[in-house]
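User: I have not seen this one before. Can you walk me through it?

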Amino acid sequence: MTRDSQKQKVYDWERHVVAPLSKRSVPFDQAQAFVDGVWLTHGWLYPPQVSKMPKQATRTMATGCRGEIRLPAHTPDWVILHELAHTLTSNEHGHTDGHGADFVGVYIKLLERVLNIPTLMTMFTLKQANVKFNLAVLPWMQRRNEEKRA
């Protein structure tokens, strides 16, 4: 089993379930405001910076890690949320569980809060697609705050 064993399953699920529910494309010049809005609405500080996807990137639509999201000229809003889920589940070194259960758990919450895609529907369709998810996961900054309180 590879480290990111759910990657293709998540991509397939998004194409069949999420993409048809959200038709909004965010132009690059509005992407930082979109990211900032999602981030600050949740009460989080220091949103990741949006930068342009390199022109030579032909197979990757977008990328995200702890402090940066790279996007093309126009990006579906759900793809930006996908990349934000990567930023929210990365550790202090920028490493994530790929498309594992923690990533999917954070992504589910973003889809509901930002795009109003019901969690029960995503849970049902994810189970049908055999994609594991962890709804108990907290974004990294909330985990850090919880650890400080303990």
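Analyst: We can go through a helix pair and then a single helix.

Analyst: This is a predicted model, where local features need pLDDT of at least 70, side-chain atom pairs count only at pLDDT 80 or more, and totals for chains, interfaces and linings use all residues. Residues are numbered from 1 along each chain as its sequence is written, and side-chain values use heavy atoms, with hydrogens and water left out.

User: At roughly what angle do the axes of α2 and α3 cross?
Analyst: The axes of α2 (residues 28-41) and α3 (residues 77-89) cross at roughly 55° and come within 11 Å. The two helices are therefore oblique to each other (neither under 35 degrees, over 145, nor 65 to 115).

User: Which residues of α2 meet α3?
Analyst: Phe-34, Val-35, Val-38 and Trp-39 of α2 do, with contact meaning heavy atoms within 4.5 Å. On the α3 side are Asp-77, Ile-80, Leu-81, Leu-84, Thr-87 and Leu-88.

User: Switching to α5, which residues are buried?
Analyst: In α5 (residues 119-128), Thr-119, Thr-122, Thr-125 and Leu-126 are buried (under 20% relative accessible area; exposed is over 50%, partly exposed in between, with a 1.4 Å probe and protein chains only). Down the axis of α5 they fall within an arc of 135°, so they line one face of the helix.

User: What do the buried residues of α5 pack against?
Analyst: They pack against α1 (7-21) and α4 (101-115).

User: And which exposed residues are on the face turned away?
Analyst: Leu-120, Phe-124, Lys-127 and Gln-128 of α5.

User: What follows α5?
Analyst: Asn-130 does, with a positive phi near 60°.

Notes
Axes are lines fitted to C-alpha atoms, for helices over the stretch in contact, and angles run from 0 to 180 degrees between N-to-C directions. Helices (H or I, at least four residues) and strands (E, at least two) are DSSP runs, numbered from the N terminus. The arc is that of the directions from the helix axis to the C-beta atoms.
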